[in-house]
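Open the model in your viewer and keep the selection box at hand. Each stop below tells you what to pick and what to look for.

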Amino acid sequence: MGAAPARDRGARDGPAFVAVDLETTGFDAATDRIIEVGATRFDRGGRADSFERLVDPGRPIPDEIRELTGIADADVSGAPEAGAVMEELRAFCGGLPIVGQSVGFDLGFLRAAGLELSGEVHDTHDLAAVLLPGSPRLSLAALARHFGVSNARPHRALADAEATRDVFLKLLDELDALPRPLLRDLARFAERAGWPARRLFETAAERAREESAGGAAPQRAPERAERPAPPLEPLASWEPVGAGELEELFALAGRTPGLLPGYQPRAGQQQMAEAVREAFASGGRLLVESGTGTGKSLAYLVPALAQARRSGERVVISTHTLNLQEQLAARELPRAAALVEHAEAPGEAGAGPLRWTVLKGRANYLCRERWAEALEAGAPLEEEDARFLSQVARWLPTTERGDVAELALRRGDRRRWRQLASEGADCLSRRCAYVRDGSCFLLRARQRAQASHAVVVNHALLLAAARAGEQVIPSYGRLVVDEAHRLEEGATQQYGARLTLGELRDLLDPRSPQALAAPLEHAVRPPGDRPLQPAASLEGVARDLRRACAQASAELAPLGAALAAFLAAFSEPAAGGVSAELVASITPARRGLASWEEAEGAALDLDVALAVVGRRLSQAVLALEQLPPGEIPDREGMRQALERSAATLGERRETLARTALSAEPGAVTWIAAPDRPGEPRPLQMRLELAPLDVGELLERDLYDGCDGVVATSATLATPAARASAPAAGEWGMASADAFAFSAHRLGLRGAWESAPETLAIASPFDYRRAVLTLHVESIPEPGAPGYQEAAWPVLAEAAEAAGGRALALFTSHAALRAAARTLRPLLAAAGISVLAQGLDGSPEQLLRQLRSQPRTLVLGTAALWEGVDVQGDALQLLVMARLPFPVPTDPVHAGRAEQYDEPFTGYALPQAVLRFRQGFGRLIRGPGERGVFLVLDARLGGRSYGSTFLAALPDCEVRALPAGAVAEAVAGWLRR
């Protein structure tokens with residue numbers, strides 16, 4: 001086997017590392033076996049030698065492994081068993097450092113085969129996560145592509161080991177290019193965790209020191225700082241954009257090639273744009289349902305930007321999903337701005353470049369102050385914490401915005417990011433050092449927003465600003481709410497409250513990273529438990545705070561036990577829900593019961609103890625302020641950290657008061673805990689509260705004062721809107737207005753001089769040609785005995801008839817898991833992979849495989865019902881396991897349904913119809929696409945309300961068929 005190309009730089013005598021890779025019969029080291037071992041010894045110069053062995057696993061090789069690797073049973077017949085190969089591999093490795101891609105997998109199999117390698121371990125996946133901090137894909141294949149490394153035989157052990165070797169050498173070259181101060185930061189993080197990467201960082205830092213010998217030491221790479229544009233100033237006088245001007249803008253786009261690449265005139269788009277223009281010109285309210293393919297983003301952006309440029313008043317655009325935010329900022333806003341700017345007359349009022357930005361909540365921006373604290377800390381770290389901090393350190397010199405979206409985070413990293421984020425830090429008002437020098441990322445973000453004609457936010461930030469009444473978002477006169485069907489859900493969360501006893505325990509535990517007392521503990525007991533003499537005067541304050549936290553923590557168990565007893569007495573499983581939970585509403589009647597009085601008494605005891613913790617935190621702040629300046633390092637930073645702790649504690653006490661200690665008018669309150677075998681543990685108890693009518697809150701806090709509001713989505717109208725009005729409301733919904741349900745839920749129900757304007761723009765797609773809708777007549781209804789046994793074989797036959805290319809939507813994880821167990825063996829013989837959300841990867845990972853390997857059936861829950869865009873022929877079969885009715889035991893649903901004279905037809909049915917339409921919308925995403933929509937719910941044809949769902953679909957062919965005829969219908973339609 002030939003050696004890799006030699007590198008001159010850093011070459012050494014003899015091998016320095018061993019790259020190892022395995023092929024196995026499966027993914028579980030306890031039950032599967034090794035079938036091939038590959039390894040290569042190499043040095044920094046690239047000189048290498050190789051080890052390659054086939055291994056007899058003592059069992060047949062599964063078909064999918066044979067197809068992936070090309071290794072068949074005949075190839076391993078007569079090969080040595082694992083034990084003999086392990087001894088050879090031990091000798092080959094010789095105690096050298098081990099290199100591997102996600103190497104924990106390989107080491108687990110080697111360990112199970114009796115080999116424990118002694119060398120320190122370097123994982124190319126972890127190292128790449130640090131050195132390529134924004135890369136979302138760090139598989140061996142992705143890294144090889146990134147570095148131009150060839151792999152002629154992927155999924156063969158030696159070839160993958162050699163590719164891993166070459167990737168590792170490229171990563172070492174990346175390390176060598178880093179400035180020495182950064183390398184020293186990385187080495188310190190690794191040292192605190194005992195992470196073997198420390199040796200790599202230190203070696204690179206030493207090499208950098210040697211190269212700089214005789215000259216000035218290299219400095220940390222300067223972080224780029226942009227100069228903020230001046231704030232946007234409203235013009236003293238201006239005229240609204242006229243209808244003729246907007247028409248001319250779209251005509252200009254049509255006759256100017258290249259101005260809007262790919263632009264095609266669409267009557268629906270121009271109709272919507274004119275309605276938006278009128279709403280903004282008149283200060284009205286507009287609800288627009290815009291079907292798939294309408295081009296709604298340009299339809300509201302063009303009039304919005306034209307009006308903003310004309311008036312000097314900004315427009316705010318709110319979305320629910322990050323994907324749409326990024327799409328607007330990166331693609332749609334530049335296109336709309338180019339069109340509006342191209343049409344402006346020289347010297348016209350407001351003429352000049354249009355500016356836009358994405359503004360996010362505090363938690364999305366790195367807090368430089370907290371980062372400085374993380375750099376100076378010396379407490380031990382877990383290896384994953386060190387890897388994450390190293391990733392941030394590598395990213396920081398390259399970022400202009402400090403936005404977490406620029407980082408590719410792993411599971412668990414969101415928790416780690418919260419320790420560094422600006423969330424909860426009132427840095428702008430207290431003028432910390434980074435605010436004063438203008439380098440604060442949050443400050444920069446808000447300065448960009450103040451200078452922008454259009455600011456894109458998400459619903460969470462929009463609602464948080466509205467609720468708090470703060471100028472988090474710069475003043476604006478006009479508002480566009482895209483993905484408006486998700487606004488009520490966002491408002492429910494924003495105006496609601498949640499408290500988990502386990503979270504409180506972590507705040508009170510001085511050993512926890514989230515501990516309220518952590519800032520003071522770090523001052524008086526730094527790493528090594530050696531008290532700093534300057535902070536000795538704080539030891540008494542710290543002791544009092546420690547004692548108060550312990551006393552409050554002791555009150556958690558009695559409260560948890562009382563809540564668990566109440567939950568056991570009144571709970572119902574959230575059957576059919578996406579999550580498996582037990583819930584129990586705390587109704588006014590139940591608050592008078594002895595079981596609740598016990599819980600309320602325990603909550604009061606906890607609140608008294610938490611009040612003592614609050615006083616101790618205030619005393620700690622006062623003690624810090626009384627110390628002479630310079631007495632202890634970073635006194636100001638510590639004081640601010642303690643104030644953040646006090647604010648956090650105040651928020652938790654407020655939630656405890658709102659949920660356990662009082663009955664808040666106009667809200668529902670409940671207890672929840674995971675529905676798992678055995679008794680729920682006390683610290684798993686969760687107290688929650690949600691408002692019943694967020695429409696009133698939105699009307700008061702969000703829309704009041706706006707000169708124009710546009711709410712748009714692909715699903716706002718429902719044929720179920722003939723239901724009676726809420727008993728508690730004063731508005732009327734007796735007409736057949738298809739928007740009445742959404743208008744009420746969103747707070748756009750006619751509180752102004754007239755009801756909101758409404759507009760429905762149909763999709764330009766020919767659904768009659770594109771979609772066949774099938775519903776099955778001959779299976780039991782969901783929830784009835786025999787449903788799953790009848791439904792899953794139909795799903796399997798339909799997926800096979802479509803050749804995979806299928807997405808199945810479920811309303812619960814339990815049903816999804818049951819379907820996966822049944823479908824995998826049924827479809828394996830047809831070569832169709834069955835991938836389940838939560839079991840086989842994230843929604844994004846599953847959709848990537850569906851696009852790249854169409855012989856796939858993806859099973860998904862809530863995250864895949866909307867926002868999914870699989871274009872082309874990669875998705876041709878969409879299956880809905882059951883009609884998406886809300887869970888009856890959900891406290892929010894139950895509380896809101898009680899407001900209606902007819903809860904089912906007035907509330908549950910319209911909600912389900914909108915969700916049904918969202919799910920259907922995943923199938924056809926572009927012109928020329930075709931597909932089958934299969935509903936495995938007999939209620940669609942057997943219940944009177946089934947016609948309401950069918951009426952909500954666009955004009956497409958609908959057939960009711962027996963189970964045995966579904967596969968033939970699917971195949972026939974897709975062959976057309």
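The tour of this predicted model goes from a sheet to cores, helices, loops and a second group of strands.

**Stop 1: the seven-stranded sheet**

Select strands 8, 9, 7, 10, 16, 6 and 17, in that order. They form an open sheet of seven strands, with parallel pairing. Now look at the two edges. Strand 8 (356-358) and strand 17 (757-761) each have a single partner strand, so one side of each is left without a neighbour in the sheet. Check the twist as well. Neighbouring strands are turned by 15° against each other on average, direction ignored.

Zoom in on the strand 8 edge. Strand 8 runs parallel to strand 9 (residues 454-458), and three bridges join them. Pick V358: opposite it, in strand 9, stands V456.

Next, add helix 11 (residues 267-282). This helix packs on the sheet. Its contacts are with strand 6 (285-290), strand 7 (315-319), strand 10 (478-481), strand 16 (708-713) and strand 17. Compare directions: helix 11 makes about 150° with strand 16.

**Stop 2: a loop after strand 10**

Stay with strand 10 and move on to E483. This residue sits in the loop between strand 10 and helix 21 (487-495). Its phi is positive, about 50°, although E483 is not a glycine. Is E483 buried or exposed? With a relative accessible area of 13%, E483 is buried, because the cut-off for buried is under 20%.

**Stop 3: the nonpolar cores**

Select L175 and W371. Which core do they belong to? They are part of the largest nonpolar core, which has 96 residues, and they touch the most other members. Show what surrounds W371. Beyond residues up to four places away in sequence, W371 touches F189, L366, L389, V392, A393, L396 and L420. Another core lies apart from this one. It has 51 residues, including L508, C549, L582 and A623. In soluble globular proteins, nonpolar side chains tend to be buried together.

**Stop 4: a helix pair**

L508 leads to helix 22 (residues 501-508). Display helix 25 (residues 556-570) with it. The two axes come within 11 Å and cross at roughly 175°. Helix 22 is therefore roughly antiparallel to helix 25. Colour the contact residues. On helix 22 they are L501, L504, R505 and L508; on helix 25 they are L556, L559, G560 and L563.

**Stop 5: a buried aspartate**

Go to helix 5 (residues 124-131) and pick D126. At 10% relative accessibility, D126 counts as buried. What does its side chain meet? It makes a polar contact with the side chain of R410, at 2.4 Å. Widen the selection around D126. Leaving aside neighbours within four places in sequence, the residues in contact with D126 are W195, E383, E384, R387 and R410.

**Stop 6: helix 6 and its cover**

Now select helix 6 (residues 140-147). Which of its residues are buried? They are L140, A142, L143, A144 and F147. Helix 5 and helix 7 (157-176) are included in what covers them. Step past the end of the helix. G148 follows helix 6, and its phi is positive, near 70°.

**Stop 7: S102**

Move to the loop between strand 4 (98-100) and helix 4 (103-112), where S102 lies. Here too, look at the backbone: the phi of S102 is near 50°, a positive value in a residue other than glycine. S102 counts as partly exposed, at 35% relative accessibility.

**Stop 8: strand 19 and its partners**

Jump to strand 19 (residues 806-809). Both of its faces are covered. A806 and A808 are buried on one side, L807 and L809 on the other. Add strand 21 (residues 856-860): it runs parallel to strand 19, joined by four bridges. Then add strand 22 (residues 877-880). It also pairs with strand 19 in the parallel sense, over four bridges. Centre on A808. Opposite it stand L859 in strand 21 and V879 in strand 22.

**Last stop: Q853**

Finish in the loop between helix 33 (843-852) and strand 21, at Q853. At 44% relative accessibility, Q853 counts as partly exposed. Draw a line from its C-alpha atom to that of E369. The two atoms are separated by 46 Å, and the residues are 484 apart along the chain.

Technical notes. Residues numbered from 1 in each chain as written. Predicted model: local features only at pLDDT ≥ 70, side-chain atom pairs only at ≥ 80, totals over all residues. Heavy atoms only, no water. Buried < 20%, exposed > 50% of the residue type's maximum accessible area, 1.4 Å probe, protein only. Pairing = 2+ DSSP bridges. Polar contact = N/O pair within 3.5 Å; in protein donor to acceptor, adjacent residues only side chain to side chain. Contact = heavy atoms within 4.5 Å. Core = buried A, V, L, I, M, F, W, Y, C linked by side-chain atoms within 4.5 Å. Axes fitted to C-alpha atoms, helices over the stretch in contact; angles between N-to-C directions. Parallel < 35°, antiparallel > 145°, perpendicular 65-115°, else oblique.
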